[in-house]
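The exercises below concern one protein model and are meant to be worked with the sequence and the coordinates at hand. Please attempt each task before reading its solution.

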Amino acid sequence: MQLSSRTYDVDGIAAVQELYHSNGWTDGLPIVPPTREAVEACLEWAMMPPDQLIGIEPVRGLAVTAEKLAVNAVMAGCLPMHFPVVITAWTAMMREEFLMHGATASTGGCAVLVVLNGPIRRELGAAGTFNALGNSDRATAVIGRALRLCLINLMDVRPGAIDRSTLGHPGKFSYCVAEDEEDSTWLSLAEQRGIPKEASAVTVMAAGAPRQIMNEWTTKPEEILETFAAEMRANLRHYSIHPGNYALIVPKQLREHLQAAGWSKTDVASFIHERARIHRREWATVGKGAVVRDRGDSVYPAMESADQLLVVAAGGPAGGFGAVIPPWLGNKSHAVTLAIGACVDCEPPKG
């Protein structure tokens, strides 16, 4: 296997770390040395030659090969079995509708949220329960980190360079969650977005930091979801009125109340779409009165349609908590879902 990446001879692991840190090739954390053997193992697992073109970033026209993704995946701590997820997530990010350049260069400081669905979750040991949005397991940690290292080293998305984030948020280290499909009667997010249940898939979304909510004082779906909707209304007031993909993370305790009442993800999305909206005049209550002008009665929904809401079953088994994950800048960037290692809408060969 012929690799094209430059190689370096160094004395020991400490020297490796200093080489990478001094060149700005890391996210500030230690890396796993991307040896030839480790990079080749990732490529062999994915059955890809090093020079296979994964895609071309649509704004700056930068080409990305399998080898370059593999190098950064190894640095992030990925094993070969994690690499197909990294490839698919990166392919989704390079779709024009995701707007990778805008999402990663903005002063708004969003991160790339990855939702993992299908059988591959179990194969990788990706946990969707305790601490689902934190350091829950190896797979989600290294997959999310691999995407950030790829952005840094392949797209120059470094703070002060392409990355113009004013604040950023911790999801820019790693922001990957596996859906808890086994403990839910709902369709998975991937199924809702057209992927067969038997296939594995990733969904990527340009996302702000999670906003945690809590409601342990009711079992009524409308009251539970009103707490989520209120947090979304707060985001519309405090951050941005542009509609787009929001994600709701619904752990088991709240999910069981919704499911017991017969509410599907579609029902959840329809309710949230109706309730998560504000009048422009409400901006005057949060210090933004100067922009209300004569449009105070204008209504701004969090989403243009109910199907823009990504409802994800994840989180520990106890506690009336949940999370709202807001979009980076409304419909400037759209969530993308792709099957891993499969084409679910390809036509069979002709002839």
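Four exercises with worked solutions follow.

The model is predicted: local features need pLDDT of at least 70, side-chain atom pairs count only at pLDDT 80 or more, and totals for chains, interfaces and linings use all residues. Residues are numbered from 1 along each chain as its sequence is written, and side-chain values use heavy atoms, with hydrogens and water left out.

**Exercise 1. The open sheet**

Determine the strand order of the open sheet and state which strands stand at its edges.

Solution. Begin with the assignments: helices (H or I, at least four residues) and strands (E, at least two) are DSSP runs, numbered from the N terminus. Two strands are taken to pair if DSSP finds at least two bridges between them. On this basis 4 strands form an open sheet with mixed pairing, in the order E6-E11-E7-E10. Strands E6 and E10 (309-313) each have a single partner strand and so stand at the edges, where one side of each is left without a neighbour in the sheet. From one strand to the next, the twist averages 20°.

Next, examine one pair. Strand E7 (residues 246-250) and E10 run parallel and are joined by 5 bridges; isoleucine 249 stands opposite valine 312 in E10.

Finally, add the helices, with contact meaning heavy atoms within 4.5 Å. Axes are lines fitted to C-alpha atoms, for helices over the stretch in contact, and angles run from 0 to 180 degrees between N-to-C directions. Helix H9 (residues 221-238) packs on the sheet and touches E6, E7, E10 and strand E11 (321-325), its direction making about 145° with that of E6. Helix H11 (residues 265-275) also packs on the sheet, touching E7 and E10, and its direction makes about 135° with that of E10.

**Exercise 2. Glutamate 223**

Locate glutamate 223 and classify its accessibility.

Solution. Glutamate 223 is found in helix H9. The classes are buried (under 20% relative accessible area), exposed (over 50%) and partly exposed in between, with a 1.4 Å probe and protein chains only. Because its relative accessibility is 38%, glutamate 223 counts as partly exposed. Leaving aside neighbours within four places in sequence, glutamate 223 is in contact with Asn215 and Thr218.

**Exercise 3. Glycine 128**

Is glycine 128 buried or exposed, and which residues does it touch beyond four places in sequence?

Solution. Glycine 128 lies in the loop between helix H6 (120-124) and helix H7 (138-155). With 9% relative accessibility, glycine 128 counts as buried. Not counting residues up to four places away in sequence, glycine 128 touches Ala178, Asp180, Ala314 and Gly315. For one of these, alanine 314, the C-alpha to C-alpha separation from glycine 128 is 5.1 Å, although the two are 186 residues apart in sequence.

**Exercise 4. Helix H3 and the hairpin before it**

Describe the pairing of strands E1 and E2, then explain why helix H3 is largely enclosed.

Solution. Strand E1 (residues 53-56) and strand E2 (residues 63-65) run antiparallel, joined by 3 bridges. The bridge partner of glycine 55 in E2 is valine 64. The hairpin has 6 residues between the strands, and glycine 61 takes a positive phi near 70°.

In helix H3 (residues 66-76), 10 of the 11 residues are buried, so the helix is largely enclosed by the rest of the structure. The buried residues of H3 pack against helix H1 (13-22), helix H2 (36-46), E1, E2, helix H4 (83-93) and H7. Glycine 77, with a positive phi near 105°, follows H3.
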